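Trainee: I'm new to this one, so could we go through the terms together and check each against its cut-offs?

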Amino acid sequence: MTKSKSFVQNLIKQLRFGSSRDRQGEDDLEEIAAKEQKLIQFETLVEATNNFHPNNKLGQGGFGPVYKGKLKDGRVIAVKKLSLYSKQGRKEFMTEAKLLARVQHRNVVNLLGYCVHGSEKLLVYEYVMNESLDKLLFTESSRRGELDWKRRYDIIFGIARGLQYLHVDSHNVIIHRDIKASNILLDDKWVPKIADFGMARLFPEDQTHVNTRVAGTNGYMAPEYVMHGHLSAKADVFSFGVLVLELISGQRNSSFTSFMDAENLLDWAYKLYKKGRSLEIMDPTLASSADPDQVTMCIQIGLLCTQGDPHLRPTMPRVVLILSKRPGNLEEPTRPGIPGSRYRRSRRTSASSSIVGTSGTSGASDSYALTTNTTGTITATATATATANEVASSSSPISRRYDNRGKRPIEG
Ligand SMILES: Nc1ncnc2c1ncn2[C@@H]1O[C@H](COP(=O)(O)OP(=O)(O)OP(=O)(O)O)[C@@H](O)[C@H]1O
């Protein structure tokens, strides 16, 4: 067996371990990473970041702070430092280290190595120059103009390719679970890199979905995942669709300003689409650079990806195909599934990605109303007695608190 093959197999073994084996997993990982020469000395990082000087701080994530640094060989790096007291962070940190060690793709951030220094743990990435899409699109509004239509289209395409790689082309199915604007980094050529694999899950090849504890970010999570903890690649497809509509409109779904009585960005886009006026959602700063046909197609893709019924959403390979071939006829999107609105759960189990219809309700026998209150608590209400027990059950993820970043922690 080759060295790299045994490395990958060891990592897969570790990812399947339960939490009681985390400690063991960490020790193994150190050994494996050392063999792979992925270990970076703490002193090297101290020097590279000028002793983690506040001036070098790039931002603060769920794990802890991220610093910019420069290695002696000239490579610019981003160092993610795990907060010492975060048990949750430790788990996510290990997941990120293990998963990123085994993926390599132009549209996935490159993990250069990691470092353990006493109780401190650090992950070292290539520095991605234009930082996060979130900053450009929403926070530093003066820079939004830098994202003309061509760049936004290429970003959409790049993220789609990155997700196709994770879902299909890597050894196992990897579900990212937290696709959102702040987890997309843009390099100096505006190539998007999917980052932050702390919540990702690795699926065995023969498994298409699992039921899991819900974790993710408000505004991006697929309804079947929020409601039932049902996780499949289609949950990432949903988040991707939200991101596409955010990129086109320049509006954050989670803090949407209401237009046309729409409850959120997806609802607004859908209502305009049904009236044949979908281009009205377009960010005004795109007016001079936009290709209307391409924008229209991307809005339709965003709506297809965010459909309430996960079976109706296209797979990522299909999205990549649509983006590369620009077909004249695309299927009609059905109503989007949105936390905060009514979601109908179809009983149908077979997968299909090219169904034409007006709503994802065929065979539906139960439905839920999901509401988010001002404190960020998501609450689900069963609207059919047949499912009242399921909703009342303590294992059903119906009422969870979000932190002030809109992020739901992994529980248990
Ligand atoms: N490889 C990198 N290159 C350049 N900047 C980075 C890199 N990794 C992270 N950053 C910056 O550091 C900041 C914090 O990133 P991090 O991934 O820890 O958290 P986040 O995605 O903002 O939040 P959360 O952890 O809650 O999802 C981000 O704003 C991002 O711009």
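**Helices, domains and a ligand shell**

Mentor: Helix 9 passes helix 10 in a left-handed crossing. Left-handed says that the near helix is turned anticlockwise from the far one by less than a right angle (clockwise would be right-handed). This is a predicted model, where local features need pLDDT of at least 70 and side-chain atom pairs 80 or more, while totals for chains, interfaces and linings use all residues. Residues are numbered from 1 along each chain, as its sequence is written.

Trainee: What makes helix 9 and helix 10 oblique to each other?

Mentor: The axes of helix 9 (residues 265-274) and helix 10 (residues 292-305) come within 10 Å and cross at roughly 120 degrees. Under 35 degrees is roughly parallel, over 145 roughly antiparallel, 65 to 115 roughly perpendicular, and the rest oblique. The roughly 120 degrees therefore makes helix 9 and helix 10 oblique.

Trainee: Which residues of helix 9 and helix 10 meet?

Mentor: Ala269, Tyr270 and Tyr273 of helix 9 meet Ile299, Gly302 and Leu303 of helix 10. Contact here asks for C-beta atoms, placed from the backbone, within 7 Å. This contact has five nonpolar residues, one polar and no charged ones. Gly counts as polar, and Gly302 is among the residues that meet here.

Trainee: Why is helix 8 called roughly perpendicular to helix 9?

Mentor: The axes of helix 8 (residues 233-249) and helix 9 come within 10 Å and cross at roughly 75 degrees. That value makes the pair roughly perpendicular. Val242, Leu245, Glu246 and Ser249 of helix 8 meet Leu265, Leu266 and Ala269 of helix 9. By class, the contact has five nonpolar, one polar and one charged. Glu is on the charged list, and Glu246 of helix 8 takes part.

Trainee: At what angle do helix 6 and helix 11 pack?

Mentor: Helix 6 (residues 149-169) and helix 11 (residues 316-325) pack at about 150 degrees, with axes 8 Å apart. The pair counts as roughly antiparallel, because about 150 is over 145. The crossing of helix 6 and helix 11 is left-handed. Residues in the contact include Phe157 and Arg161 of helix 6 and Met316 and Leu323 of helix 11. The contact divides into nine nonpolar, two polar and one charged.

Trainee: How is the protein divided into domains?

Mentor: There's domain 1 (3-126) and domain 2 (134-385), with bounds from an automatic or database assignment. Their contact takes 17 residues from domain 1 and 20 from domain 2. On the domain 1 side, helix 1 (3-15) and helix 4 (87-100) each give two or more residues. Helix 4 gives the most, with six.

Trainee: How many residues surround the ligand, and which are the closest?

Mentor: The shell has 21 residues, the closest being Gly59, Gly61, Gly62, Val66 and Ala78. Near means a backbone-placed C-beta atom within 6 Å. Strand 1 (57-60) and strand 3 (76-81) each supply at least two shell residues. At least three come from each of domain 1 and domain 2. The shell divides into 10 nonpolar, six polar and five charged.

Definitions and conventions. Helix = DSSP H or I, 4+ residues; strand = E, 2+ residues; numbered from the N terminus. Axes fitted to C-alpha atoms, helices over the stretch in contact; angles between N-to-C directions. Contact = placed C-beta atoms within 7 Å.
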